[in-house]
Amino acid sequence: SNIDGHFEKAGFAHEKVVTCHGDLQHLQCLRRDCRAEDPAENVWSAECIPSGLGHLIDEGSLRFRDAADLEAPYFRCPRCGGLCRPNVWFC
């Protein structure tokens, strides 16, 4: 499924890797009713999330210490302002 991109990091050619379950490098809106006319716009790069946020995470629960941190614009859908999540198929 390669959601973490480790196949590419291990040297596999990008064009030889299929991310059939999505990947952690892209985001999508949590709201099912938030859809763009162009389906390609329903997913966007996670590069908008800055690095160095580890101090905001509780190591025991792997959750934000303060849920208010999720109000930051880089955790929000650019269309509706709703919360976004990794573009990964969770089953």
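A residue counts as partly exposed when its relative accessible area lies between the buried limit of under 20% and the exposed limit of over 50%. Tyr74 has a relative accessible area of 23%, so it is partly exposed. The structure described here is a predicted model. This briefing covers its aromatic pairs, salt bridges, nonpolar core and the surroundings of Arg85.

**Aromatic pairs**

- The structure contains three aromatic pairs.
- In one of them, the ring centres of Phe64 and Phe75 are 5.5 Å apart and the ring planes stand at 75°, so this pair is edge-to-face.
- Phe64 belongs to strand β4 (residues 63–64) and Phe75 to the loop between β4 and β5, so their pairing ties together parts that are eleven residues apart in sequence.
- The rings of Tyr74 and Phe75 also form a pair, with centres 4.9 Å apart and planes at 65°; because planes over 60 degrees apart count as edge-to-face, this pair is given that label.
- Ring pairs thus join Phe64, Tyr74 and Phe75 into a cluster.
- Within this cluster, Phe75 is buried, its relative accessible area being 10%.
- Phe64, by contrast, is partly exposed at a relative accessible area of 23%, and Tyr74 is likewise partly exposed at 23%.

**Salt bridges**

- Side chains of opposite charge can pair when their charged atoms come close.
- The model has three salt bridges.
- Arg31 forms a salt bridge with Asp33, and the closest N and O atoms of the two are 2.9 Å apart. Arg31 is partly exposed, with a relative accessible area of 39%, whereas Asp33 counts as exposed at 57% relative accessibility.
- Arg76 forms a salt bridge with Glu71, with 3.0 Å between the closest N and O atoms. Glu71 is exposed, its relative accessible area being 54%.
- Arg65 forms a salt bridge with Asp58, where the closest N and O atoms are 3.8 Å apart. This pair qualifies because the cut-off for a salt bridge is within 4 Å.
- Arg65 counts as exposed at 55% relative accessibility, while Asp58 is partly exposed with a relative accessible area of 28%.

**Nonpolar core**

- The largest nonpolar core has seven residues in all: Leu27, Cys29, Cys34, Trp44, Ala46, Cys77 and Cys84.
- Cys34, a member of this core, is in contact with Cys29, Asn42, Cys77, Arg79 and Cys80 when neighbours within four places in sequence are left aside.
- Two of these contacts of Cys34, namely Cys29 and Cys77, are themselves members of the core.

**Surroundings of Arg85**

- Arg85 is located in strand β5 (residues 84–88).
- With a relative accessible area of 21%, Arg85 is partly exposed; it does not count as buried, because that label requires a value under 20%.
- Not counting residues up to four places away in sequence, Arg85 touches His26, Leu27, Gln28, Leu30 and Phe90. Among them, Leu27 belongs to the largest nonpolar core.
- Arg85 and Cys29 are 56 residues apart in sequence, yet their C-alpha atoms are 6.3 Å apart in space.
- The side chain of Arg85 also reaches the backbone oxygen of Val88, at 2.7 Å.

Terms used
Residues numbered from 1 in each chain as written. Predicted model: local features only at pLDDT ≥ 70, side-chain atom pairs only at ≥ 80, totals over all residues. Heavy atoms only, no water. Helix = DSSP H or I, 4+ residues; strand = E, 2+ residues; numbered from the N terminus. Buried < 20%, exposed > 50% of the residue type's maximum accessible area, 1.4 Å probe, protein only. Contact = heavy atoms within 4.5 Å. Polar contact = N/O pair within 3.5 Å; in protein donor to acceptor, adjacent residues only side chain to side chain. Core = buried A, V, L, I, M, F, W, Y, C linked by side-chain atoms within 4.5 Å. Phe/Tyr/Trp six-rings, centres within 6.5 Å; stacked < 30°, edge-to-face > 60°. Salt bridge = Lys/Arg side-chain N within 4 Å of Asp/Glu carboxyl O.
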